[in-house]
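Me: I have a new structure to read. Can you take me through it feature by feature?

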Amino acid sequence: MQLTAVVLATYTSGAVGSTNMEVLARLCGHSLHHAEELLDRLVASRSLAAWHYCRDTGEVAWRLSLQVRVGRAVVQE
């Protein structure tokens with residue numbers, strides 16, 4: 001789950017991010033199904049507020065939770 005969080009961070013600008021789901025799965029070393037499970041776990045742990053996978057385009061998008069955004073702002077200052 002930590003590797004997935006790091007990969008998401010590289011594709012996140014501000015509080016939102018997106019990339020191709022196959023790229024995300026490959027970079028995390030998982031299948032598409034397992035990548036979806038990991039994204040659900042990140043939502044459950046409140047690292048992500050939400051995520052959405054558009055199967056037509058292959059794009060996955062996410063939004064960081066408020067607690068993560070606050071933590072990132074403090075670190076950047």
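Reply: Start with burial: a residue is buried under 20% relative accessible area, exposed over 50%, and partly exposed in between (1.4 Å probe, protein chains only). A nonpolar core is a set of buried Ala, Val, Leu, Ile, Met, Phe, Trp, Tyr and Cys residues joined through side-chain atoms within 4.5 Å. Here the largest nonpolar core has 14 residues. Those with the most contacts inside this core are Leu 8, Met 21, Leu 24, Leu 39, Leu 48, Val 60 and Trp 62.

Me: What kind of model is this, and how are its residues numbered?

Reply: This is a predicted model, with residues numbered from 1 along each chain as its sequence is written. Local features need pLDDT of at least 70, side-chain atom pairs count only at pLDDT 80 or more, totals for chains, interfaces and linings use all residues, and side-chain values use heavy atoms, with hydrogens and water left out.

Me: How many helices and strands does the chain have?

Reply: Helices (H or I, at least four residues) and strands (E, at least two) are DSSP runs, numbered from the N terminus. The chain has 4 helices and 4 strands. From the N terminus on, their order is α-β-β-α-α-β-β-α. Of the 77 residues in the chain, 30% are buried.

Me: Which elements give two or more residues to the largest nonpolar core?

Reply: The largest nonpolar core, with its 14 residues, draws two or more from each of α1, α2, α3, β3 and β4. The most come from α2, which gives 4 residues.

Me: What is Val 60 in contact with?

Reply: Contact means heavy atoms within 4.5 Å. Leave aside the neighbours of Val 60 within four places in sequence. Val 60 is then in contact with Gly 17, Ser 18, Thr 19, Asn 20, Met 21, Leu 24, Leu 39, Trp 51, His 52 and Tyr 53. For the chain, take the contacts with a separation of 6 or more. Residues 24 or more positions apart account for 45% of them.

Me: Now the helices. Which residues of α1 are buried?

Reply: Helix α1 covers residues 2–10, and its buried residues are Thr 4, Val 7 and Leu 8. To see how they sit, use the arc, which is that of the directions from the helix axis to the C-beta atoms. The buried residues of α1 cover an arc of only 100°, so they are on the same side of the helix. The face turned away from that side carries the exposed residues Gln 2, Val 6 and Thr 10.

Me: What do the buried residues of α1 pack against?

Reply: They pack against β1 (12–13), α2 (21–28), α3 (32–44), β3 (48–54) and β4 (59–64). Take Thr 4, which has a relative accessible area of 3%. Not counting residues up to four places away in sequence, Thr 4 touches Cys 28, Leu 38 and Leu 42.

Me: How many residues does α3 have, and how far does the helix reach?

Reply: The expected span of a helix is 1.5 Å times one less than its number of residues. α3 has 13 residues and reaches 19 Å from its first C-alpha to its last, close to the 18 Å expected. Its buried residues are Ala 35, Glu 36, Leu 38, Leu 39 and Leu 42. They line one face of the helix, because they fall within an arc of 160° seen down its axis. On the other side of α3, His 33 and Ala 44 are exposed.

Me: What happens just after α3?

Reply: Just after α3, Arg 46 takes a positive phi of about 70°. Arg 46 is a residue other than glycine. Arg 46 is found in the loop between α3 and β3, and is exposed at 59%.

Me: Which residue forms a salt bridge with Arg 55?

Reply: A salt bridge is a side-chain nitrogen of Lys or Arg within 4 Å of a carboxyl oxygen of Asp or Glu. A search of the whole structure finds 1. Arg 55 pairs with Glu 36, the closest N and O atoms being 3.5 Å apart. Arg 55 is in the loop between β3 and β4, and Glu 36 is in helix α3, 19 residues apart. Arg 55 is exposed, with a relative accessible area of 60%, whereas Glu 36 is buried at 15%.

Me: How many disulfides does the structure hold?

Reply: A disulfide is a pair of cysteine sulfur atoms within 2.5 Å. The structure holds 0. Cys 28 is buried at 7% relative accessibility, and Cys 54 is partly exposed at 27%.
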